[in-house]
Each structure stands twice: as structure tokens, then as C-alpha cells.
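Hi,

Here is the structure I said I would pass on. Have a look at it first, and then read on for what turned up.

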Amino acid sequence: TPQIGVLALQGAVAEHERALRATGAEVRKVRRPSELEGLDGLVVPGGESTAMARLAAPVHLMPAIRQRLDDGMAVLGTCAGLILAADTVSDAEALKGFERIRGLGVVVRRNAYGSQLNSFEDHLDVDGLDSPLPAVFIRAPIIEDITSADVEVLAESHGNPVAVRQGKILAASFHPELTPDFRLHQLFTDLSSE
Ligand code: GLN
């Protein structure tokens with residue numbers, strides 16, 4: 001049985017736990033580096049990236065996650081989790097001085113869908129899924145640029161990439177845990193088991 005953690009500092013934790021259990025994974029919360037031990041995958045949920053970075057700082061949880069990622073653990077970053085996994089945040093002021101995971105070769109801008117599209121829903125054609133996936137965007141980051149040739153775009157919305165994969169990192173700018181369609185979580189559980 002795949003062992004999957006959910007970073008539980010802040011944000012949409014319970015919803016991810018439920019979705020992951022539905023995919024057959026054994027799930028536990030992660031708040032400190034020792035709790036990463038033995039995990040095949042870790043979900044970094046949506047919420048507020050600045051709050052998560054601040055809460056992770058005293059125990060250096062972000063570099064510990066990066067270390068485990070480099071050792072083969074899979075990471076799913078959604079919304080704020082995408083921001084924490086991105087190599088570059090273009091409006092980095094609010095995150096300045098805080099460790100992040102990094103490793104995903106994209107440039108993201110926080111809250112980029114702005115006033116006209118603050119929160120919205122879409123149905124996405126996702127590579128690897130045979131019918132559209134409902135997606136809820138909440139003050140979502142935008143993927144402005146892709147900086148690694150290893151990044152695959154799995155889905156787009158309004159002309160921008162919104163789901164990407166690079167090796168064992170899967171990331172989405174939307175909230176796959178807020179809809180009852182858990183196919184993205186299934187892809188992640190499968191990726192974690194590889
Ligand atoms: N705006 C949030 C941030 O910058 C992300 C929003 C979300 O996760 N729903 O972290």
C-alpha cells in the first residue's frame with residue numbers, strides 16, 4: 001500500500017486526506033521532518049504559501065521535503081503547494097527569506113488571476129485522463145514560464161499551463177481536492193508507487 005503524507009501546517013488538509021484514501025493510499029499528516037520517513041509521496045496543499053513557509057521554517061521542513069524528493073519521494077503541489085515547489089516565484093517579496101521546496105522548473109506569480117477571475121471553475125483536458133476534469137481555482141497562481149525542458153504540461157486553462165509534471169513532481173494551480181473527482185489524486189498515488 002502506498003504511504004502518502006499531507007503537509008498539515010495550514011490549508012486544505014482533510015480534503016486531500018479523504019481524496020488520497022479513496023485512491024487506496026495509507027495517509028498521514030506531516031508537520032515535522034521525521035514524519036517524512038517511509039513516505040512514497042507527499043501532498044503540499046493549497047492554502048497560503050506565505051503562512052506555510054513561515055510555519056515550516058523553525059524545523060526546516062521545506063529543505064527536508066526537498067531532500068526526500070531528491071531521494072525519490074513524489075510530491076503533489078496544489079495551488080499554494082505549486083508556489084512552494086516552483087523554482088522561481090516572480091513576485092517573491094512576501095516569501096523573501098523563507099525556504100521553499102523548489103525543484104519544479106517553472107516561474108509562478110501568486111494571485112495572478114486577479115480581480116477579473118479571482119475564483120473560477122473550469123473543465124480541463126488532462127493528459128492521461130479520458131474525460132474532462134472539473135477544476136476549482138481560488139486566488140490561483142499562474143505559471144508564467146517554464147524553465148526546464150523536463151517539465152511536461154498536462155493541462156491548460158485560459159491559455160496557461162495549470163497542471164504540470166517534472167519527474168516525481170506533479171503540480172496544479174487549482175484545487176483537485178474540492179471536487180468529488182479524484183482522478184488527479186489517483187495519478188499521484190500511481191506516480192508515488194512507481
Ligand atoms: N494565494 C495563495 C498563495 O499565494 C494560494 C491560493 C490557494 O492556495 N488557494 O499562497
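Let's begin with the ligand: by class, the shell around it has four nonpolar, four polar and three charged residues. The residues that surround the ligand are G46, G47, E48, S49, C79, A80, I83, R110, N111, I138 and R139. Before you go further, keep in mind that this is a predicted model.

Now the overall picture. The chain has five helices and twelve strands. Along the principal axes, its C-alpha atoms fill a box of roughly 40 × 40 × 30 Å. The radius of gyration is 15 Å, and a compact globule of 194 residues would come out near 16 Å, so the two agree. As for burial, 47% of the 194 residues count as buried. If you look at contacts with a separation of 6 or more, 68% of them in this chain are between residues 24 or more positions apart.

On to the sheets, starting with the seven-stranded one. This sheet is open, has mixed pairing and runs in the order 2-1-3-4-12-11-10. Its edge strands are strand 2 (26–30) and strand 10 (152–157), each of which pairs on one side only. From one strand to the next, the twist averages 20 degrees.

Some pairings in that sheet, in case you want to check the register:

- Strand 1 and strand 2 are parallel, with five bridges between them; Q3 has E26 in strand 2 as its bridge partner.
- Strand 4 and strand 12 also run parallel and are joined by four bridges; here V75 is matched with I169 in strand 12.
- Strand 11 (residues 160–166) pairs with strand 12 in the antiparallel sense, over four bridges; V164 has A171 in strand 12 as its bridge partner.

Strand 12 is worth a click. I169 and A171 on one side, and L170 and A172 on the other, are all buried, so to speak a strand covered on both faces. The hairpin that links strand 11 and strand 12 has two residues between the strands, and G167 in that hairpin takes a positive phi near 55 degrees.

The other sheet to look at is an open one of three strands, in the order 5-6-9, again with mixed pairing. Strand 5 (86–89) and strand 9 (142–146) are at its edges with a single partner strand each, so one side of each has no neighbour in the sheet. The twist here averages 35 degrees from one strand to the next. Strand 5 pairs with strand 6 (residues 104–109) in the parallel sense over three bridges, and T88 stands opposite V107 in strand 6.

Last stop, the C-terminal stretch of the numbering: what does helix 5 (residues 183–193) bury? The buried residues in helix 5 are L184, H185, L187, F188, T189 and S192. And what do they pack against? Their partners are strand 1 (3–7), helix 1 (13–22), strand 3 (41–44), strand 4 (74–78), strand 8 (133–138) and strand 12 (169–172).

That's what I have for now. Shout if anything looks odd when you load the file.

Cheers

Conventions:
Residues numbered from 1 in each chain as written. Predicted model: local features only at pLDDT ≥ 70, side-chain atom pairs only at ≥ 80, totals over all residues. Near = placed C-beta within 6 Å. Nonpolar A, V, L, I, M, F, W, Y, C, P; charged D, E, K, R; others polar. Rg over C-alpha atoms; globule rule 2.2 N^0.38 Å. Buried ≥ 20, exposed ≤ 12 C-beta atoms within 10 Å, placed from the backbone. Contact = placed C-beta atoms within 7 Å. Pairing = 2+ DSSP bridges. Axes fitted to C-alpha atoms, helices over the stretch in contact; angles between N-to-C directions.
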